[in-house]
Amino acid sequence: MRIPDTDRLEFHFMTRKDAEALFELDQDEDVMLYINGGHKTTMEDIRRISIPRLESYANEDEGWGIWKVTAKPSDTLEAHLYLGWILVRPMDFFNDEPAWDNLELGWRFKQAAWGKGYATEAARAVMDVVTAPDKINKASAIAFEENLGSIKIMEKLGMSFLKKDIHKDPLGDLELVYYEKVL
């Protein structure tokens, strides 16, 4: 699967070869605030946890994985500047009963990209492509209730509040808000 460029952004499917980019983004404590309380990720954690998790659900033909988002050349941004990424995987992938017809979208962007619409533009571009197959009925996203920036993106994508619940994950259970768009 390929995600077409938008007016400002380019997309590339990430693999273990992109470990350095994953690491770079996770070195900003503000970026990590609503991920793990603001702790920087070590390169060892990228190699030992992040990459194996990514590889467990990555399927480029389906569009599942992490899509690297880079800037197209403009008067304000250098060409191919790494801004962040968009995650796609079946909702509840790490549980006993993944929702194969419901794709979870997630995003993480550098502070320099915040407030400029890049995350919404990127998430919309990815969502439009990965949810096109008839077998996909919903697009969803989860976040901490305090993460108003992410919640605003969810709403701009046409998602509505579904519930506040415990999200079960092998890395730890968290109380999160769930947003969903029925397609």
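Me: Before we look at loops, what counts as a helix or a strand here?
Reply: Both are DSSP runs, numbered from the N terminus. A helix is a run of H or I with at least four residues, and a strand is a run of E with at least two.

Me: Cool, so where is Gly63 found?
Reply: First, a heads-up: this is a predicted model, where local features need pLDDT of at least 70, side-chain atom pairs count only at pLDDT 80 or more, and totals for chains, interfaces and linings use all residues. Residues are numbered from 1 along each chain as its sequence is written, and side-chain values use heavy atoms, with hydrogens and water left out. As for Gly63, look at the loop between α3 (43-57) and β2 (65-71).

Me: Is Gly63 buried or exposed?
Reply: Buried means under 20% relative accessible area, exposed means over 50%, and partly exposed is in between (1.4 Å probe, protein chains only). Gly63 has 0% relative accessibility, so it counts as buried.

Me: Which residues is Gly63 in contact with, leaving aside its neighbours within four places in sequence?
Reply: Contact means heavy atoms within 4.5 Å. With those neighbours set aside, the partners of Gly63 are Met1, Val88 and Val130.

Me: Let's move to α5. Which residues of helix α5 are buried, and why are they on the same side?
Reply: Helix α5 covers residues 148-156, and its buried residues are Ser150, Ile151, Ile153 and Met154. They span an arc of only 155° around the axis, so they sit on the same side of α5. That arc is the one made by the directions from the helix axis to the C-beta atoms.

Me: Which residues are exposed on the other side of α5?
Reply: We've just met the buried residues of α5, Ser150 among them. Flip to the other side of α5 and you'll find the exposed Leu148 and Lys152.

Me: And what do the buried residues of α5 pack against?
Reply: Ile151 is one of those buried residues. The elements they pack against are β4 (99-109), α4 (118-130), β5 (138-143) and β7 (174-182).

Me: Zooming out, how many helices and strands does the protein chain have?
Reply: Along the sequence, the pattern reads β-α-α-α-β-β-β-α-β-α-β-β. That gives the protein chain five helices and seven strands.

Me: What is the radius of gyration of the protein chain?
Reply: The radius is taken over C-alpha atoms, and the globule rule is 2.2 Å times the number of residues to the power 0.38. For 183 residues, a compact globule would come out near 16 Å, and the protein chain agrees with that, at 15 Å.
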